[in-house]
Amino acid sequence: MNASQKVTVWPAGVLARFLTDAGATVDLSYEALSGTIVAACTGELCGWAERTDTRGLCTDTPEQERARFEEWLPVTKKRAQTHAEHCRLMTRPGSAA
Ligand SMILES: [Zn+2]
């Protein structure tokens, strides 16, 4: 890796991310307990998030859960990508505003 490559730490549980024009990311993760796919923008002060309920049941087998996840993931991905393409919010470094 050369010095110009940015080293980015991926939070635990983040499955994929989209880069916004402002250099933030929209991170995708899955909450197994609630069967929810979450997309959240890391842009400071943005706060955009999208939660997709995959309508899981606690009696689902791992295969059924996987099928639900794969069925709903494209929906969340599309919304996350759309947000990433439009989110240009930047905050002044060191600024609280
Ligand atoms: Zn955003």
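Q: What share of the contacts in the chain, at a separation of 6 or more, comes from residues 24 or more positions apart?
A: Two residues are in contact if their C-beta atoms lie within 7 Å. In this predicted model, residues 24 or more positions apart account for 42% of the contacts with a separation of 6 or more.

Q: In what order do the elements of the chain run?
A: Reading from the N terminus, the order is β-β-β-β-α. That gives four strands and one helix.

Q: How are the strands of the sheet ordered and paired?
A: Two strands pair if there are at least two bridges between them. Here the four strands form an open sheet in the order β1-β2-β3-β4, and the pairing is antiparallel. β1 (14-19) and β4 (49-53) are the edge strands, each pairing on one side only. On average, neighbouring strands are turned by 15° against each other, direction ignored. β1 and β2 are joined by five bridges; Leu-19 has Thr-25 in β2 as its bridge partner.

Q: Where does α1 pack?
A: α1 packs on the sheet and touches β1, β2, β3 and β4. The direction of α1 makes about 10° with that of β3.

Q: Which residues make up the largest nonpolar core?
A: In soluble globular proteins, nonpolar side chains tend to be buried together. The largest nonpolar core here has eleven residues, among them Val-26, Leu-28, Ile-37 and Ala-80. β2 (25-31), β3 (36-41) and α1 (62-86) each supply at least two of its residues, and β3 gives the largest share, four. Of the 97 residues of the chain, 21% count as buried.

Q: What does Val-26 touch, leaving out residues up to four places away in sequence?
A: The contacts of Val-26 include Phe-18, Ala-39, Cys-41, Ala-80 and Ala-84.

Conventions:
Residues numbered from 1 in each chain as written. Predicted model: local features only at pLDDT ≥ 70, side-chain atom pairs only at ≥ 80, totals over all residues. Buried ≥ 20, exposed ≤ 12 C-beta atoms within 10 Å, placed from the backbone. Core = buried A, V, L, I, M, F, W, Y, C linked by C-beta atoms within 7 Å. Axes fitted to C-alpha atoms, helices over the stretch in contact; angles between N-to-C directions.
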